Each structure stands twice: as C-alpha cells, then as structure tokens.
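Subject: Structure handover

Hello,

I am passing on the structure we spoke about, with notes on what turned up in it. Please look it over before reading on.

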Amino acid sequence: MDLDRRSFVKLSAMAAATAVAHRAPEAAAAVADPKSAHPDVSWDKAPCRFCGTGCHVQVGVKKGRVVAIAGDPEAEVNRGLLCVKGYHVGLALYGEDRLTQPLLKQNGKQVPISWERAIEIIADRVEADPKGFAFYGSGQWTIPEGYAAQKFMKGGLANNHIDPNARLCMASAVTGFLATYGVDEPAGCYDDLDRCDVLINWGNNPAEMHPVLFSRVIDRRSRGEEVQIIDISTRRTRSTAHAQHYLEFRPQSDLAIANGIMHLLIANDSWDKEFVEKHCAFKADSDPAALHGKTISFEEFKQGVAEYTPERVEEISGVPAKDIRMLADLFGRKDIRITSLWCMGMNQHTRGTAINSLVHGVHLLSGHFGKPGDAPTSLTGQPSACGTAREVGTLSHLLPGGRLVANAEHRKQAEEIWNLPEGRINEKIGYHTVKMFEQWCKPAAEGGDISTLWVQVTNPGQTLPNRHKLFDPGVADPDKFLIVSDVYPTPTTRAADLVLPSAMWVEKNGMFGNSERRTQQWFKMVDPPGQARDDVWQTIAVARRLHDRGVEGMKDREGRFLFHIEKPGGGVVPVWDWSRFRDVNVDRALFEEYRKFSRLKHKDLAPYEEYVKARGLRWPVVEQEDGTWRETRFRFSGFDDPYVAKGKEIDFYHSPTKDGRAQIWFRPYEPPPESPDEAYPLWLCTGRVLEHWHTASMTMRIEPLRRAMPNAYVEMHRDDARALSIQDGDIVRVETRRGALDLPVWVDGRGAPPRGSIFVPFFDEGRLINELTLEDFDPFSKQPDYKKCAARVHRISEAPSV
Amino acid sequence: MPILGLVLILDDAEPKTRGAVLDSVTQATDLDLGEPAEHRWPAVLEAPDEAAAEHRIAALRLIPGIATVDVVYADFEDRLEPVSVSHASEEF
C-alpha cells in the first residue's frame with residue numbers, strides 16, 4: 001500500500017468515526033471528505049445484505065471491486081454504526097467458490113452448461129407439469145425479485161404453490177398482527193427504542209441478533225438515561241448481561257406469562273379502561289378454529305385469564321410469582337413507556353399465533369400502545385421478510401398488498417393491475433412450506449404432486465426442520481427435480497439437479513423492506529462474477545421461453561408478454577435477453593407496477609425515485625400538497641398516521657371487526673407437542689450466533705467471522721454435563737427421535753441454558769442440526785417450531801488435543 | 001494491513017474519568033484519536049493483520065471506563081484474496 005492510499009484510508013476512517021461520534025454527517029467534513037479525497041474510489045449507499053434491522057452502509061468501490069465499507073451516518077436506522085457482520089459485508093462477495101456458471105447434474109456429477117440450455121430445461125419441466133411446479137423463495141429476495149416470481153406463478157401459471165422461507169421465521173408474527181389489528185406489520189418503529197423506559201425481550205437475543213438496534217438502548221444508558229431491560233428467556237444470552245431482570249421460563253410457557261400479566265392487570269384494576277373501551281374488543285378461539293376466532297365479552301375474557309394467578313403461572317413456567325407481579329406492576333403504570341421486542345422465540349412456536357396475539361393484548365389492555373416508546377414490535381431476521389415475503393405477498397395464500405387468493409374481489413383487483421383475463425388467478429390456496437416439501441418428497445405414485453421445485457436465495461437443505469423427512473427423500477427420487485439459484489455452494493445446491501449462479505447484493509439493483517416498514521433501495525455497483533445473473537432476470541427469461549412456446553398464461557389480456565417493460569419514451573425492451581437486461585431499470589419498472597397494489601391496506605409506497613434519494617422511507621408514504629412525500633413512523637396514531645380519522649387519537653382502521661377496534665385475545669396455555677421424557681430427557685433449542693448470518697453461506701466466506709466462530713457446538717449446563725461425565729470440549733452425540741448429530745460441548749460458554757436444556761446453533765453446514773428438529777407447526781401460520789423438542793446426549797469421545 | 005474507524009463509548013462523560021481512560025488508550029501507537037463528542041471518541045486503528053485488529057478491539061473493550069467500541073468503517077482492499085471454505089467437520 002503506498003503512502004498516499006494509506007493516508008487517504010486513515011482520513012476516511014477518521015471522517016466516518018467522527019461523523020458517527022458527533023451524530024452529524026457534516027462533522028466528517030472537518031476531517032476529510034472521502035468522496036473527493038481519492039477520486040479512484042466511488043461511494044454509494046445500500047442497506048446491509050444481512051439482517052432485518054436494515055442498517056445502511058456506504059460502499060466504496062474501486063476498479064470494479066468493493067474495497068471499503070462505512071456505516072452511513074445519514075441513515076436513521078444505524079446512524080453510522082455497524083455490527084461485526086455489517087462492517088465485513090463487502091467481503092461476502094469475494095469467497096473463492098462463488099457459483100459462476102449453470103450446472104446440470106449428470107450421472108451424479110454437476111457439469112457446466114449454458115444459460116440457454118438451463119432456461120430450456122426449466123421451461124421443459126414447467127410445461128410438462130405446470131400444476132406440479134413450485135417456487136420456494138425468500139425473505140432475502142429483493143422486492144422486484146419476489147414480485148416477479150409472484151406474478152409469474154400466480155398471474156402467469158395460475159399456480160399458488162409459491163412460498164418463502166419467511167414461513168419458517170415470520171409467519172406467526174403475520175398471523176398475530178392480522179388477528180389483532182386486521183393488517184400485518186408493526187405499528188411502531190425503531191424510534192420507540194429511543195423513548196421507552198422499559199424494554200422487554202420476549203425470548204429473543206438482540207445483543208447478538210440485532211446488535212445495532214440494541215446498542216440504541218445501551219447507548220442511552222451510557223448517556224445516563226435510565227432504561228430498564230427485562231429479559232424473558234429460556235436461556236441466558238449476551239442480552240441477559242444487560243438486563244436488570246432475567247426471567248427464565250420453561251419452553252412454551254410464555255403463553256402463561258402473558259396471560260398472567262393480563263390476569264393481574266384486571267385483578268389490580270390497573271388495566272386502561274378508557275383505552276380498551278374506546279379502542280379494543282375481545283376475542284377467543286372458535287370451534288372450528290379460525291384465525292379471527294369469535295368475539296367474547298370482557299367478562300368472558302376475565303373468566304379466561306382468571307386461572308392465571310401468579311402462583312399458577314409460576315407452577316407452569318417456573319418464573320417466580322413475584323416476577324409476574326413485577327411485570328404486571330410495570331404494565332399497570334401510566335407514567336412509563338414500554339416496548340416489547342420479539343423474534344424467533346415467539347414465532348418459531350407451535351402456538352406462535354397465540355403468543356404473538358397475547359403480547360399485543362398485554363400492550364392493548366394496559367394502554368401501552370400508540371405513543372413513542374409504547375409498542376409491541378416483532379423484529380425480522382431477514383433483510384426483506386417484511387418488504388418482499390409479507391408485503392409483496394409471496395406466501396401461498398396471498399396476493400400483493402395484503403390481498404388473499406381466496407378473496408374474489410382481491411383476485412379481480414390483481415387481475416386488473418396485471419391486465420389479466422378475468423379468472424386467471426387460481427382461488428385455491430397453494431402449499432405452505434412444510435406441505436410443499438412434503439409433497440415434493442412423496443413419490444408421485446403416492447400422491448406427491450410436486451415434481452419440480454425452484455429455490456431462489458435460500459438454503460432449505462440446511463434450514464428445513466426434520467430434514468430427513470422434508471428434504472432428503474425428494475433429492476433421492478429420480479422423478480423429482482430441484483433447481484437452485486444461489487451465490488455459493490450450500491447443502492441445497494449440492495443436492496440440486498440444476499444450479500443457477502446468481503448475482504448478489506450490490507452486483508444488482510435492489511430494494512428491501514426492513515422490520516420497521518422501511519423500504520430501501522440501492523443501485524448495482526459492481527459486476528457479478530463469471531456468468532452469474534440476477535434472479536429477476538432468471539424468472540423473466542423462463543417466463544419468456546414459455547411465452548415463445550405459446551403458453552397462454554405468459555400473456556396478458558391484450559396478448560402482451562407478462563413482463564412487458566418499456567423504456568422511457570416508449571418501445572419494448574427485451575429484458576429477457578441478458579445482453580439487453582440493463583437497457584432499462586427493471587427494478588423501477590416492476591416496482592412502479594407493484595406499488596399500485598399498496599393502497600388497499602394503506603401500505604402506500606412512494607415512487608421509486610423517492611427511495612433513490614432517501615435512506616429508506618416508512619410506509620404509508622403519502623404525497624403532500626407541496627409534492628414531497630411524507631413517511632409514517634407511528635401507525636394508527638392520530639398525531640402521525642395520515643389515515644387516522646380526523647380528531648381520533650387512535651384508529652385501527654383495518655380492524656377485523658370493522659369497528660376501528662383492535663382485538664385482545666384470550667388464548668390458553670397448551671403444552672408443546674413434544675416434551676422431554678425418560679428416553680429423551682432434555683429440551684433442544686436451536687438458534688443463531690452473532691458472527692454468522694443464518695446458514696452462514698456468506699459469512700463463512702469472511703475469514704474473520706469464520707475464525708471467530710468456525711463450527712457449531714452444543715451448550716450444556718455444567719451440572720447436566722457433570723452428571724453425564726462430560727467435560728467442556730468433549731464430543732457428544734445429540735439425538736432426537738428424528739436424527740443424531742455429533743458436536744463438541746461448550747460448558748459456561750456464551751449462552752447458558754438451564755439444567756435440562758441444550759442449545760445448538762444452526763449455521764454450520766457440516767453439522768446439520770435440522771436433521772433433529774421437529775416439523776410440527778402452528779395451526780394458523782403453518783410455521784414450524786425450532787425452539788423446543790426432546791433430546792438426549794451421551795459422550796462419544798473426549799475433547800481433541802490442541 | 002487493516003484500517004478501521006472506531007467509536008469508543010466511555011462509561012462516564014466526566015472529564016476526570018475520561019482523562020484517566022484516555023491516558024491508557026493514547027499510549028498505544030496503533031490508535032489515533034479524533035475530536036470527541038461528550039463520551040464518544042472517534043479513533044482509527046491500524047493493525048498488522050485481521051487477527052491483531054480483532055484482538056486489539058477486544059482489548060479496548062476490556063479497559064475500565066470504556067463501555068463499548070463500535071466499528072464504523074472498515075477498509076479491506078488489502079484483504080481481497082478469495083477465502084476458501086473448509087467444512088467445519090474437518091476441524092473436529
């Protein structure tokens with residue numbers, strides 16, 4: 001490195017750090033202006049590729065390569081901060097084994113083929129069995145990618161077998177929101193973290209999983225503010241270290257805890273009568289069960305929670321009665337503001353819809369809602385589980401903008417926007433993820449009616465629960481065909497019949513939607529390697545091949561191609577031809593069509609150009625009289641949400657009961673489908689680690705992250721280990737009724753499970769813990785439970801010598 | 001040679017406490033401090049390699065009086081050698 005470059009880089013680093021420290025981007029100018037200091041490096045904004053926080057980075061590019069990353073001080077989400085994954089995100093593009101050419105499995109080996117042949121093969125499979133074709137997508141799809149797949153399947157093939165991996169992470173949050181407010185996604189935003197007096201973590205670990213968000217609260221304490229953190233969890237984590245109260249509960253018994261708080265709010269007469277009488281109604285489960293249940297009276301609700309005395313909750317959950325009273329006392333106060341955060345602990349739950357609706361109910365019953373700092377907020381793990389999977393509606397029962405395939409009026413609206421013949425969209429709900437893979441794994445002769453599966457931007461071979469049942473049989477069946485679009489080899493690509501190399505992150509244009517309803521945009525900055533191509537191009541190219549073969553579904557009602565895209569000024573651009581793909585901004589064209597769907601549920605999106613200018617905008621984004629576009633931070637609150645009726649303080653304008661009211665649910669505790677017993681005496685919980693993002697297909701290629709966390713392990717309590725004559729570092733076999741896995745033990749490690757529990761992270765593709773997990777799912781959301789099943793452990797060998 | 005932009009967040013904005021903490025930090029030759037804002041100090045760390053950088057940041061976090069260290073800028077042009085992946089099972 002020559003002196004000039006070294007000096008420039010140091011100046012740039014100091015400028016970035018100064019801007020963040022002073023919370024003022026302009027402070028950087030006093031140090032240096034990186035953008036003018038070295039003209040060889042160009043800078044542009046992008047959201048981070050990793051989690052659902054949606055931090056913004058500045059990406060430095062030189063000679064066609066990403067060479068530097070800085071936290072973006074102009075971004076409201078992260079204000080220049082990044083976590084350990086974020087500041088390494090640029091390196092995710094440069095692993096040695098990027099997929100660079102299409103590969104076809106022949107005689108057991110994957111051999112390179114041309115894109116032309118790959119597209120032909122996919123078109124052959126679709127044409128041969130259009131009803132047996134399924135698309136498995138992702139919360140890492142960009143918004144245009146998910147939208148293209150959605151339109152191709154539901155608008156083109158009249159096939160609703162499209163579902164995203166967000167089914168495995170967020171579906172219960174969705175059903176919880178729908179059952180409570182009649183519309184998905186949090187009402188609050190990250191600003192709540194700057195205002196709350198109490199932060200409650202419900203079974204999540206934000207210190208590791210959403211560290212930049214968590215740092216907003218910790219930083220407030222550093223400034224002398226008093227913010228109380230309560231950690232309600234099944235094991236101690238890094239988040240626990242920052243909490244004033246740690247409430248350890250038995251798996252599944254969070255249901256009892258929430259009911260216990262509501263019991264006491266009523267018993268203590270500290271519930272917010274005025275708020276409830278004005279803005280809420282009560283619900284309970286119906287028979288037969290339905291998402292929106294049945295309306296009940298307050299007296300019936302009170303009767304329902306009557307059983308959940310602090311002593312009864314202690315009996316069920318193990319949380320001391322005094323701590324239940326402490327929680328209820330806090331919620332009973334009107335002088336403080338409380339934010340509840342949750343993620344997979346509440347969503348990956350066979351009663352996930354129930355616990356989601358109960359935590360919303362605690363906030364509603366106590367009136368801790370609708371003011372900055374008073375919010376029940378689910379966080380997402382993926383960068384666009386909200387923006388793509390949920391808002392574009394790439395779930396098997398949804399259409400874009402919160403519409404349902406089963407709703408005739410919604411189908412008609414979608415057919416109008418897509419200019420399709422009436423009746424094109426199929427009214428029958430498609431397969432959710434577990435069902436989709438079950439049908440793919442089942443032989444055709446036994447009714448397995450999914451013959452071809454296209455997977456984009458996700459790794460089900462590592463993430464599906466009970467992998468031996470839901471993935472392996474399909475791979476082994478010669479009549480089934482698996483197509484995988486990805487950027488690196490994974491357990492899923494290795495099993496695939498056809499592998500398609502994909503562009504990633506700043507190798508393509510993109511848009512994401514984060515956990516706080518913020519839609520974000522970026523432009524392509526570098527080229528993808530080899531023959532890797534955008535996922536959206538792949539989908540459009542297949543659609544065009546089918547169109548050219550005369551498949552009627554690939555045309556709109558005027559006979560135009562389903563993905564008819566014109567350049568400004570007119571003239572069709574053949575974007576299915578890779579050499580012409582970048583003649584026009586395909587993202588802009590698709591997004592401008594998609595945003596027409598966004599008004600129904602008041603999730604209004606601004607024109608594409610507004611997102612180019614901004615570090616994201618939170619919907620609904622509404623045009624003002626002066627032509628500017630204003631985002632909404634607090635939904636349903638009269639002081640900020642433009643759709644709240646004039647004069648109202650709170651207005652749940654999508655109320656399931658159509659009366660402006662949110663629903664407070666009574667849902668009882670029920671034990672999980674599988675609990676420890678004599679044969680399998682331990683709880684097995686799975687989850688993530690700070691250093692690796694999900695299945696680590698990207699982060700394992702980043703050397704500092706790989707070195708920091710090279711392999712999975714099993715956390716055990718010291719006393720459990722001693723009882724089994726196991727020492728720290730020993731190799732043990734972890735078994736469930738579904739499989740077995742050998743792992744090194746970590747006693748007194750980063751996380752501390754209680755006696756009777758073990759924890760295994762799922763990032764390690766060499767140690768697939770999902771061969772052991774349970775595929776049982778929530779009855780409404782169809783989301784499986786990765787957090788609790790029964791396991792046993794025995795020692796295989798002692799720790800390897802170093 | 002990685003160069004990282006850091007923000008050191010001190011526990012206490014009191015000048016006397018800050019002074020004591022920063023004395024221990026400024027003795028290092030690998031760390032340049034910038035102009036502070038209350039309890040937040042911008043800094044630039046230059047380390048011989050990745051592992052040294054990670055160790056240094058971890059060591060900074062352990063200094064009494066430093067609440068946390070945030071990394072806000074990373075230059076890795078020198079580190080653009082492709083990384084090969086060994087399956088974890090080989091590391092047993």
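How many nonpolar, polar and charged residues does the lining of the largest pocket have? The counts are 26 nonpolar, 6 polar and 17 charged. Before going further, please keep in mind that this is a predicted model.

The largest pocket

The volume of the largest pocket is about 1500 Å³. Its lining is made up of 49 residues, and those closest to the centre of the pocket are Leu690(A), Arg61(B), Thr68(B), Val69(B) and Asp70(B). Both chains supply elements to this lining: α1, α7 and α25 of chain A, and β1 (3-10), α2 (50-62) and β4 (66-75) of chain B, each give at least two residues. The largest share comes from α7(A), with 10 residues.

The contact between the chains

On the side of chain A, 56 residues take part in the contact, and on the side of chain B, 47 residues. The size of an interface is often given as the accessible area lost when the parts come together. Between chain A and chain B, the buried area is about 4200 Å², and carbon and sulfur atoms give 61% of this area.

As for specific pairs, there are 2 salt bridges between chain A and chain B. In a salt bridge formed by Lys10(A) and Asp32(B), the closest N and O atoms are 3.1 Å apart. A count of residue pairs in polar contact between the two chains, with both residues at pLDDT 80 or more, gives 6.

Which elements of chain A each supply at least two residues of the side that touches chain B? They are α1 (3-22), β3 (65-71), α7 (211-222), α25 (703-708) and β29 (740-747). Of the elements of chain A, α1(A) gives the most to this side, with 13 residues. By class, the side of chain A that touches chain B has 26 nonpolar, 11 polar and 19 charged residues. Note that α1, α7 and α25 of chain A appear in this list and also among the elements that supply the lining of the largest pocket.

The second largest pocket

The second largest pocket holds about 770 Å³ of space. It is lined by 33 residues, with Leu178(A), Leu291(A), His292(A), His397(A) and Leu404(A) the closest to its centre. Helix α5 (residues 171-181) of chain A gives the most to this lining, with 3 residues. The lining divides into 12 nonpolar, 13 polar and 8 charged residues.

Cavities

There are 10 cavities of 30 Å³ or more in the structure. The second largest cavity has about 100 Å³ of space. Among the 13 residues that line the second largest cavity, Cys48(A), Cys51(A), Thr53(A), Cys55(A) and Cys83(A) lie nearest its centre. The lining of this cavity has 9 nonpolar, 3 polar and 1 charged residues.

Salt bridges in the whole structure

Over all chains, the search finds 69 salt bridges. One of interest for the chain path joins Asp191(A) and Arg633(A), with the closest N and O atoms 3.2 Å apart. Asp191(A) lies in the loop between α5 and β8 (198-202) of chain A, and Arg633(A) lies in the loop between β24 (629-630) and β25 (662-666) of chain A, so this pair ties together parts that are 442 residues apart in sequence.

Regards

How values were computed: Residues numbered from 1 in each chain as written. Chains lettered and ligands numbered in written order. Predicted model: local features only at pLDDT ≥ 70, side-chain atom pairs only at ≥ 80, totals over all residues. Heavy atoms only, no water. 1 Å grid on protein atoms, 1.4 Å probe; cavity = no way out; pocket = protein on both sides within 12 Å on 5 of 7 lines; lining within 4 Å. Points joined across faces, edges and corners; volume = space filled by probe spheres on them. Nonpolar A, V, L, I, M, F, W, Y, C, P; charged D, E, K, R; others polar. Contact = heavy atoms within 4.5 Å. Buried area = accessible area lost by both parts, 1.4 Å probe. Salt bridge = Lys/Arg side-chain N within 4 Å of Asp/Glu carboxyl O. Polar contact = N/O pair within 3.5 Å; in protein donor to acceptor, adjacent residues only side chain to side chain. Helix = DSSP H or I, 4+ residues; strand = E, 2+ residues; numbered from the N terminus.
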